[in-house]
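Please take the sequence and the structure together, and follow the chain with a finger on the one while looking at the other. The paragraphs below go from one residue to the next and then to the groups they form.

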Amino acid sequence: MLGNMPTVAKQETILEVGGREVRISSPDRVIFPPSERTAAVTKLQIAEYYVAVGDGIMRALRERPTTLERWPKGVHEGMTISTRDGHKGDAFYQKRIPKGAPEYVETARIEFPSGRHADEVCPTELAVVAWCAQMGTLTFHPWPVRRVDVDHPDELRIDLDPQPGTDFADAVDVAGEARSLLDGLGLTGYPKTSGGRGIHIYVRIEPRWTFTDVRHAAIAFGRELERHMPGRVTTKWWKEERGERVFVDYNQNARDRTIASPYSVRPRRGAPVSAPLDWDELGEVEPDDLNVQSMPGRFADVGDRFAGIDDTHHSLEPLLEMYRRDEAEGDGDMPYPPDYPKMPGEPKRVQPSRAKKSDEDL
(Lines give C-alpha, C1' and ligand atoms only; values in the text may rest on other atoms or scores of the structure.)
Protein backbone atom coordinates (compact mmCIF):
# COMPACT_ATOMS: atom_id res chain seq x y z
CA MET A 1 0.00 0.00 0.00
CA LEU A 2 2.82 2.39 0.91
CA GLY A 3 4.39 1.83 -2.50
CA ASN A 4 1.34 3.40 -4.18
CA MET A 5 1.45 6.62 -2.16
CA PRO A 6 2.35 9.74 -4.20
CA THR A 7 5.82 11.18 -3.77
CA VAL A 8 5.79 14.59 -2.07
CA ALA A 9 8.34 16.95 -3.59
CA LYS A 10 10.59 18.84 -1.19
CA GLN A 11 9.45 22.43 -0.66
CA GLU A 12 12.93 23.76 0.06
CA THR A 13 16.53 22.82 0.80
CA ILE A 14 19.16 24.84 2.63
CA LEU A 15 22.65 25.03 1.15
CA GLU A 16 25.58 26.09 3.31
CA VAL A 17 27.68 28.37 1.11
CA GLY A 18 30.66 30.23 2.50
CA GLY A 19 29.18 30.41 5.98
CA ARG A 20 25.76 31.54 4.75
CA GLU A 21 22.52 29.62 4.46
CA VAL A 22 20.98 29.86 0.99
CA ARG A 23 17.41 28.63 0.67
CA ILE A 24 16.59 26.71 -2.51
CA SER A 25 12.84 26.53 -3.02
CA SER A 26 11.31 23.77 -5.17
CA PRO A 27 14.70 21.99 -5.30
CA ASP A 28 13.28 19.02 -7.26
CA ARG A 29 11.97 21.16 -10.10
CA VAL A 30 13.34 19.82 -13.38
CA ILE A 31 15.23 22.58 -15.16
CA PHE A 32 16.68 20.44 -17.96
CA PRO A 33 14.87 17.27 -19.07
CA PRO A 34 17.01 14.17 -19.65
CA SER A 35 19.07 14.09 -22.82
CA GLU A 36 21.24 11.56 -24.64
CA ARG A 37 24.21 12.79 -22.55
CA THR A 38 22.63 13.70 -19.22
CA ALA A 39 19.97 12.69 -16.76
CA ALA A 40 17.39 15.28 -15.78
CA VAL A 41 18.90 18.31 -14.04
CA THR A 42 17.03 19.89 -11.12
CA LYS A 43 17.08 23.37 -9.66
CA LEU A 44 19.06 22.15 -6.66
CA GLN A 45 21.64 20.54 -8.96
CA ILE A 46 22.17 23.87 -10.75
CA ALA A 47 22.92 25.56 -7.42
CA GLU A 48 25.15 22.67 -6.33
CA TYR A 49 27.02 22.83 -9.63
CA TYR A 50 27.91 26.48 -9.08
CA VAL A 51 29.10 25.74 -5.57
CA ALA A 52 31.25 22.86 -6.91
CA VAL A 53 33.02 25.19 -9.37
CA GLY A 54 33.02 28.05 -6.88
CA ASP A 55 36.62 29.22 -7.29
CA GLY A 56 36.20 29.35 -11.07
CA ILE A 57 32.85 31.12 -11.22
CA MET A 58 33.98 33.69 -8.64
CA ARG A 59 37.18 34.39 -10.57
CA ALA A 60 34.91 35.16 -13.52
CA LEU A 61 32.34 37.28 -11.65
CA ARG A 62 33.96 38.85 -8.61
CA GLU A 63 33.33 42.62 -8.40
CA ARG A 64 31.82 42.69 -11.90
CA PRO A 65 28.36 44.15 -12.64
CA THR A 66 26.46 41.16 -13.97
CA THR A 67 23.29 40.66 -16.00
CA LEU A 68 21.35 37.55 -14.98
CA GLU A 69 19.79 35.31 -17.60
CA ARG A 70 16.87 33.75 -15.72
CA TRP A 71 14.93 30.64 -16.74
CA PRO A 72 12.67 30.15 -13.69
CA LYS A 73 10.47 27.57 -15.42
CA GLY A 74 13.40 25.60 -16.77
CA VAL A 75 14.56 24.91 -20.32
CA HIS A 76 11.90 22.81 -21.98
CA GLU A 77 10.76 22.37 -25.56
CA GLY A 78 9.05 25.44 -26.94
CA MET A 79 10.27 27.83 -24.26
CA THR A 80 11.76 31.12 -25.41
CA ILE A 81 13.48 34.17 -23.95
CA SER A 82 12.13 37.71 -23.98
CA THR A 83 13.87 39.99 -26.49
CA ARG A 84 14.53 43.70 -26.98
CA ASP A 85 11.99 43.91 -29.81
CA GLY A 86 9.08 43.11 -27.51
CA HIS A 87 8.78 39.31 -27.69
CA LYS A 88 7.56 38.01 -24.32
CA GLY A 89 9.12 34.67 -23.49
CA ASP A 90 9.43 32.28 -20.57
CA ALA A 91 12.92 33.53 -19.68
CA PHE A 92 14.41 37.02 -19.44
CA TYR A 93 17.53 39.09 -18.81
CA GLN A 94 17.65 40.83 -15.43
CA LYS A 95 19.75 43.99 -15.59
CA ARG A 96 18.68 45.41 -12.24
CA ILE A 97 18.95 43.77 -8.84
CA PRO A 98 15.77 41.76 -8.15
CA LYS A 99 13.48 42.94 -5.38
CA GLY A 100 13.86 41.12 -2.08
CA ALA A 101 17.55 40.32 -2.55
CA PRO A 102 19.43 39.37 0.64
CA GLU A 103 21.49 42.10 2.29
CA TYR A 104 24.74 40.42 1.24
CA VAL A 105 23.92 40.83 -2.48
CA GLU A 106 25.82 43.95 -3.52
CA THR A 107 25.47 46.05 -6.67
CA ALA A 108 27.42 48.18 -9.13
CA ARG A 109 25.95 51.09 -11.09
CA ILE A 110 26.50 50.98 -14.84
CA GLU A 111 25.46 53.30 -17.64
CA PHE A 112 23.95 52.13 -20.91
CA PRO A 113 24.73 53.71 -24.32
CA SER A 114 21.33 55.44 -24.08
CA GLY A 115 22.50 57.33 -21.01
CA ARG A 116 20.19 55.43 -18.65
CA HIS A 117 21.72 53.55 -15.74
CA ALA A 118 21.07 50.45 -13.63
CA ASP A 119 22.26 48.95 -10.37
CA GLU A 120 23.29 45.43 -11.36
CA VAL A 121 24.12 42.48 -9.15
CA CYS A 122 27.86 42.54 -8.41
CA PRO A 123 28.96 39.17 -6.96
CA THR A 124 31.41 39.46 -4.07
CA GLU A 125 31.01 35.96 -2.61
CA LEU A 126 29.82 32.53 -3.68
CA ALA A 127 26.55 32.74 -1.74
CA VAL A 128 25.45 35.44 -4.21
CA VAL A 129 25.90 33.01 -7.10
CA ALA A 130 23.92 30.30 -5.27
CA TRP A 131 21.14 32.81 -4.52
CA CYS A 132 21.03 33.79 -8.20
CA ALA A 133 20.61 30.09 -9.05
CA GLN A 134 17.73 29.99 -6.55
CA MET A 135 16.17 32.83 -8.55
CA GLY A 136 16.33 30.75 -11.74
CA THR A 137 19.57 32.17 -13.11
CA LEU A 138 21.32 29.82 -15.52
CA THR A 139 23.77 32.12 -17.30
CA PHE A 140 25.81 34.97 -15.85
CA HIS A 141 26.71 37.84 -18.19
CA PRO A 142 29.38 39.94 -16.46
CA TRP A 143 30.60 43.26 -17.82
CA PRO A 144 34.32 43.35 -18.69
CA VAL A 145 34.90 45.84 -15.87
CA ARG A 146 35.32 45.85 -12.09
CA ARG A 147 33.07 47.83 -9.76
CA VAL A 148 35.90 50.18 -8.83
CA ASP A 149 36.03 51.55 -12.41
CA VAL A 150 33.06 50.70 -14.60
CA ASP A 151 34.23 52.80 -17.57
CA HIS A 152 37.56 51.08 -18.26
CA PRO A 153 37.43 47.38 -19.19
CA ASP A 154 40.06 44.95 -17.95
CA GLU A 155 39.16 42.22 -20.46
CA LEU A 156 39.45 42.02 -24.22
CA ARG A 157 36.97 39.37 -25.36
CA ILE A 158 37.46 37.67 -28.72
CA ASP A 159 34.28 35.89 -29.82
CA LEU A 160 34.72 33.32 -32.60
CA ASP A 161 31.23 32.59 -33.91
CA PRO A 162 30.86 29.86 -36.57
CA GLN A 163 28.33 30.85 -39.23
CA PRO A 164 25.94 28.42 -40.96
CA GLY A 165 28.00 25.88 -42.89
CA THR A 166 30.80 25.93 -40.30
CA ASP A 167 31.06 24.28 -36.90
CA PHE A 168 33.12 23.94 -33.73
CA ALA A 169 36.00 22.32 -35.60
CA ASP A 170 36.29 25.43 -37.77
CA ALA A 171 36.32 27.61 -34.65
CA VAL A 172 39.11 25.41 -33.24
CA ASP A 173 41.22 25.99 -36.36
CA VAL A 174 40.69 29.73 -36.17
CA ALA A 175 41.46 29.73 -32.44
CA GLY A 176 44.81 28.10 -33.17
CA GLU A 177 45.71 30.93 -35.53
CA ALA A 178 44.41 33.45 -33.00
CA ARG A 179 46.73 31.97 -30.39
CA SER A 180 49.73 32.42 -32.70
CA LEU A 181 48.72 35.99 -33.45
CA LEU A 182 48.32 36.80 -29.75
CA ASP A 183 51.69 35.21 -28.98
CA GLY A 184 53.31 37.36 -31.65
CA LEU A 185 51.85 40.47 -30.02
CA GLY A 186 53.06 39.42 -26.57
CA LEU A 187 49.50 38.80 -25.33
CA THR A 188 48.28 35.79 -23.35
CA GLY A 189 44.87 34.44 -24.30
CA TYR A 190 42.62 32.13 -22.32
CA PRO A 191 40.15 30.06 -24.40
CA LYS A 192 36.80 28.60 -23.42
CA THR A 193 33.87 27.01 -25.17
CA SER A 194 30.85 29.23 -25.61
CA GLY A 195 28.57 26.41 -24.50
CA GLY A 196 27.60 25.98 -28.15
CA ARG A 197 29.64 25.84 -31.36
CA GLY A 198 31.77 28.91 -30.68
CA ILE A 199 34.95 29.73 -28.81
CA HIS A 200 35.72 32.75 -26.64
CA ILE A 201 39.24 33.96 -25.91
CA TYR A 202 39.89 36.34 -23.02
CA VAL A 203 42.91 38.61 -22.68
CA ARG A 204 43.41 40.44 -19.39
CA ILE A 205 44.32 44.08 -20.03
CA GLU A 206 45.24 47.11 -17.98
CA PRO A 207 42.03 49.02 -17.09
CA ARG A 208 43.05 52.32 -18.66
CA TRP A 209 41.31 52.29 -22.05
CA THR A 210 37.70 53.11 -22.90
CA PHE A 211 35.08 50.71 -24.29
CA THR A 212 35.62 52.38 -27.66
CA ASP A 213 39.35 51.66 -27.50
CA VAL A 214 38.81 48.02 -26.56
CA ARG A 215 36.27 47.59 -29.35
CA HIS A 216 38.77 49.11 -31.81
CA ALA A 217 41.38 46.63 -30.58
CA ALA A 218 38.94 43.77 -31.24
CA ILE A 219 38.28 45.10 -34.75
CA ALA A 220 42.02 45.27 -35.44
CA PHE A 221 42.56 41.75 -34.16
CA GLY A 222 39.67 40.41 -36.23
CA ARG A 223 40.95 42.08 -39.40
CA GLU A 224 44.44 40.68 -38.88
CA LEU A 225 43.00 37.22 -38.29
CA GLU A 226 40.98 37.68 -41.48
CA ARG A 227 44.20 38.42 -43.38
CA HIS A 228 45.88 35.34 -41.95
CA MET A 229 42.93 33.06 -42.85
CA PRO A 230 41.29 34.50 -45.98
CA GLY A 231 38.03 32.78 -46.87
CA ARG A 232 37.72 31.23 -43.41
CA VAL A 233 37.37 34.27 -41.13
CA THR A 234 35.19 37.35 -41.46
CA THR A 235 34.59 40.58 -39.57
CA LYS A 236 31.58 41.53 -41.71
CA TRP A 237 28.80 42.78 -39.42
CA TRP A 238 25.95 42.06 -41.84
CA LYS A 239 24.99 38.38 -41.98
CA GLU A 240 24.38 38.52 -45.73
CA GLU A 241 28.12 39.19 -46.22
CA ARG A 242 29.60 36.61 -43.86
CA GLY A 243 29.26 33.43 -45.89
CA GLU A 244 30.41 30.08 -44.51
CA ARG A 245 33.11 31.54 -42.32
CA VAL A 246 33.88 32.09 -38.65
CA PHE A 247 32.75 35.56 -37.61
CA VAL A 248 34.88 37.59 -35.18
CA ASP A 249 32.16 39.45 -33.28
CA TYR A 250 34.02 42.63 -32.37
CA ASN A 251 30.83 44.24 -31.02
CA GLN A 252 30.93 41.96 -27.98
CA ASN A 253 33.40 44.57 -26.69
CA ALA A 254 30.97 47.48 -27.01
CA ARG A 255 29.50 49.00 -23.86
CA ASP A 256 26.59 46.92 -22.49
CA ARG A 257 27.48 43.89 -24.63
CA THR A 258 28.42 40.84 -22.60
CA ILE A 259 29.44 37.22 -23.08
CA ALA A 260 28.38 34.24 -20.96
CA SER A 261 30.95 33.91 -18.20
CA PRO A 262 33.33 31.00 -17.77
CA TYR A 263 31.42 28.15 -16.08
CA SER A 264 28.01 29.61 -16.93
CA VAL A 265 25.27 27.09 -17.72
CA ARG A 266 23.77 27.60 -21.19
CA PRO A 267 20.05 27.15 -21.90
CA ARG A 268 20.48 24.29 -24.36
CA ARG A 269 19.52 20.63 -24.27
CA GLY A 270 21.87 18.65 -22.03
CA ALA A 271 22.82 21.63 -19.80
CA PRO A 272 26.19 22.46 -21.42
CA VAL A 273 28.45 25.02 -19.79
CA SER A 274 30.94 27.57 -21.08
CA ALA A 275 34.06 25.63 -20.15
CA PRO A 276 37.59 27.04 -19.75
CA LEU A 277 40.20 24.90 -21.50
CA ASP A 278 43.91 24.63 -22.06
CA TRP A 279 44.83 25.50 -25.63
CA ASP A 280 45.83 21.90 -26.32
CA GLU A 281 42.41 20.66 -25.20
CA LEU A 282 40.46 22.62 -27.80
CA GLY A 283 40.76 20.00 -30.50
CA GLU A 284 40.08 17.12 -28.12
CA VAL A 285 36.74 18.04 -26.57
CA GLU A 286 33.12 17.82 -27.62
CA PRO A 287 31.43 20.95 -26.20
CA ASP A 288 28.23 19.14 -25.21
CA ASP A 289 30.25 16.74 -23.05
CA LEU A 290 31.19 19.69 -20.85
CA ASN A 291 27.98 20.06 -18.90
CA VAL A 292 26.49 20.54 -15.44
CA GLN A 293 26.90 16.87 -14.58
CA SER A 294 30.45 16.35 -15.89
CA MET A 295 32.14 19.65 -15.00
CA PRO A 296 32.30 19.27 -11.20
CA GLY A 297 34.43 16.13 -11.60
CA ARG A 298 36.63 17.81 -14.19
CA PHE A 299 37.02 20.86 -11.96
CA ALA A 300 38.04 18.68 -9.03
CA ASP A 301 40.64 16.97 -11.23
CA VAL A 302 42.19 19.89 -13.15
CA GLY A 303 41.04 23.01 -11.31
CA ASP A 304 40.32 26.31 -13.03
CA ARG A 305 42.00 26.63 -16.43
CA PHE A 306 41.72 30.42 -16.01
CA ALA A 307 43.54 30.38 -12.67
CA GLY A 308 46.43 32.45 -14.02
CA ILE A 309 44.42 35.06 -15.91
CA ASP A 310 44.93 37.80 -13.31
CA ASP A 311 48.69 37.30 -13.10
CA THR A 312 49.45 39.66 -16.00
CA HIS A 313 47.54 42.71 -17.24
CA HIS A 314 48.59 43.48 -20.82
CA SER A 315 48.87 46.72 -22.72
CA LEU A 316 46.34 47.27 -25.49
CA GLU A 317 48.76 49.45 -27.47
CA PRO A 318 49.95 46.76 -29.92
CA LEU A 319 46.37 46.25 -31.11
CA LEU A 320 45.51 49.95 -31.08
CA GLU A 321 48.58 50.61 -33.23
CA MET A 322 47.24 48.02 -35.70
CA TYR A 323 43.87 49.81 -35.66
CA ARG A 324 45.51 53.18 -36.37
CA ARG A 325 47.46 51.62 -39.24
CA ASP A 326 44.28 50.19 -40.76
CA GLU A 327 42.49 53.50 -40.27
CA ALA A 328 45.25 55.37 -42.10
CA GLU A 329 44.82 52.92 -44.99
CA GLY A 330 41.08 53.53 -45.16
CA ASP A 331 39.73 50.83 -42.89
CA GLY A 332 38.25 52.71 -39.96
CA ASP A 333 35.37 51.98 -37.63
CA MET A 334 32.65 49.41 -38.28
CA PRO A 335 28.88 49.29 -37.56
CA TYR A 336 27.53 49.06 -34.03
CA PRO A 337 24.52 46.89 -33.07
CA PRO A 338 21.16 48.25 -34.30
CA ASP A 339 19.89 49.33 -30.87
CA TYR A 340 22.83 51.72 -30.31
CA PRO A 341 22.62 55.46 -30.89
CA LYS A 342 24.70 56.68 -33.79
CA MET A 343 28.30 56.54 -32.56
CA PRO A 344 31.17 58.93 -33.38
CA GLY A 345 33.18 57.78 -36.39
CA GLU A 346 30.74 54.99 -37.23
CA PRO A 347 30.09 54.34 -40.94
CA LYS A 348 26.58 54.26 -42.38
CA ARG A 349 24.63 51.61 -40.47
CA VAL A 350 22.62 49.92 -43.22
CA GLN A 351 23.00 46.46 -44.66
CA PRO A 352 24.56 46.46 -48.15
CA SER A 353 21.58 44.98 -49.99
CA ARG A 354 19.26 47.70 -48.69
CA ALA A 355 21.82 50.41 -49.41
CA LYS A 356 22.18 49.16 -52.98
CA LYS A 357 18.41 49.03 -53.48
CA SER A 358 18.12 52.58 -52.11
CA ASP A 359 20.82 53.79 -54.51
CA GLU A 360 19.05 52.10 -57.44
CA ASP A 361 15.80 53.90 -56.57
CA LEU A 362 17.45 57.33 -56.85
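Where is the place of E63? In this predicted model, E63 is found in the loop between α2 (54-61) and β5 (66-70), and with a relative accessible area of 27% it is partly exposed. Its backbone deserves a careful look, for E63 has a positive phi of about 65 degrees although it is not a glycine. Most residues other than glycine have a negative phi. A271 is another residue other than glycine with a positive phi, in this case near 50 degrees. A271 lies in the loop between β14 (246-248) and α7 (295-302), and because buried means under 20% relative accessible area, A271 with its 0% counts as buried.

From these loops we can turn to the interior. In soluble globular proteins, nonpolar side chains tend to be buried together. Here the largest nonpolar core has 84 residues, and those with the most contacts inside it are I46, Y50 and L160. The largest share of this core, eight residues, is supplied by helix α4 (residues 168-184). A second core, separate from the largest one, has seven residues, including I110, A118, W143 and V150. To see how I46 is surrounded, leave aside residues up to four places away in sequence: I46 then touches I31, F32, V41, A133, T137, L138, V265 and V292.

A charged residue can be covered as well, and E155 is a good place to study this. E155 belongs to strand β10 (residues 155-162), and it counts as buried because its relative accessibility is 4%. Its side chain is joined to that of R157 by a polar contact of 2.7 Å, and to that of R204 by a polar contact of 2.8 Å. Apart from residues up to four places away in sequence, E155 touches R64, P144, Y202, V203, R204, I205, V214 and N253.

What about the aromatic rings? The count comes to nine aromatic pairs. One of these is formed by W143 and F211, which meet edge-to-face, with 5.9 Å from centre to centre and 90 degrees between the planes. W143 lies in the loop between β9 (137-142) and β10, whereas F211 lies in helix α5, so the pair ties together parts that are 68 residues apart in sequence. Both partners are covered, since W143 is buried with a relative accessible area of 0% and F211 is buried with 6%. Elsewhere, ring pairs link Y49, Y50 and F140 into a cluster, and Y50 has already appeared among the residues with the most contacts inside the largest core.

Helix α5 (residues 211-228), to which F211 belongs, has 18 residues and reaches 26 Å from its first C-alpha to its last, close to the 26 Å expected at 1.5 Å a residue. This helix is mostly covered, with 14 of its 18 residues buried. Rings also meet arginines in this model: R215 lies over the face of Y336, at 3.5 Å from the ring centre, while R242 lies over the face of F247, at 3.7 Å from the ring centre.

Finally, consider A127, which has its place in helix α3 (residues 126-134) and counts as buried at 1% relative accessibility. Leaving aside neighbours within four places in sequence, A127 is in contact with V17, R20, V22 and Y104. A127 and D90, on the other hand, are 37 residues apart in sequence and 25 Å apart in space, C-alpha to C-alpha.

Methods:
Residues numbered from 1 in each chain as written. Predicted model: local features only at pLDDT ≥ 70, side-chain atom pairs only at ≥ 80, totals over all residues. Heavy atoms only, no water. Core = buried A, V, L, I, M, F, W, Y, C linked by side-chain atoms within 4.5 Å. Buried < 20%, exposed > 50% of the residue type's maximum accessible area, 1.4 Å probe, protein only. Helix = DSSP H or I, 4+ residues; strand = E, 2+ residues; numbered from the N terminus. Contact = heavy atoms within 4.5 Å. Polar contact = N/O pair within 3.5 Å; in protein donor to acceptor, adjacent residues only side chain to side chain. Expected span 1.5 Å × (residues − 1). Phe/Tyr/Trp six-rings, centres within 6.5 Å; stacked < 30°, edge-to-face > 60°. Lys NZ or Arg CZ within 6 Å of the ring centre and 35° of its normal.
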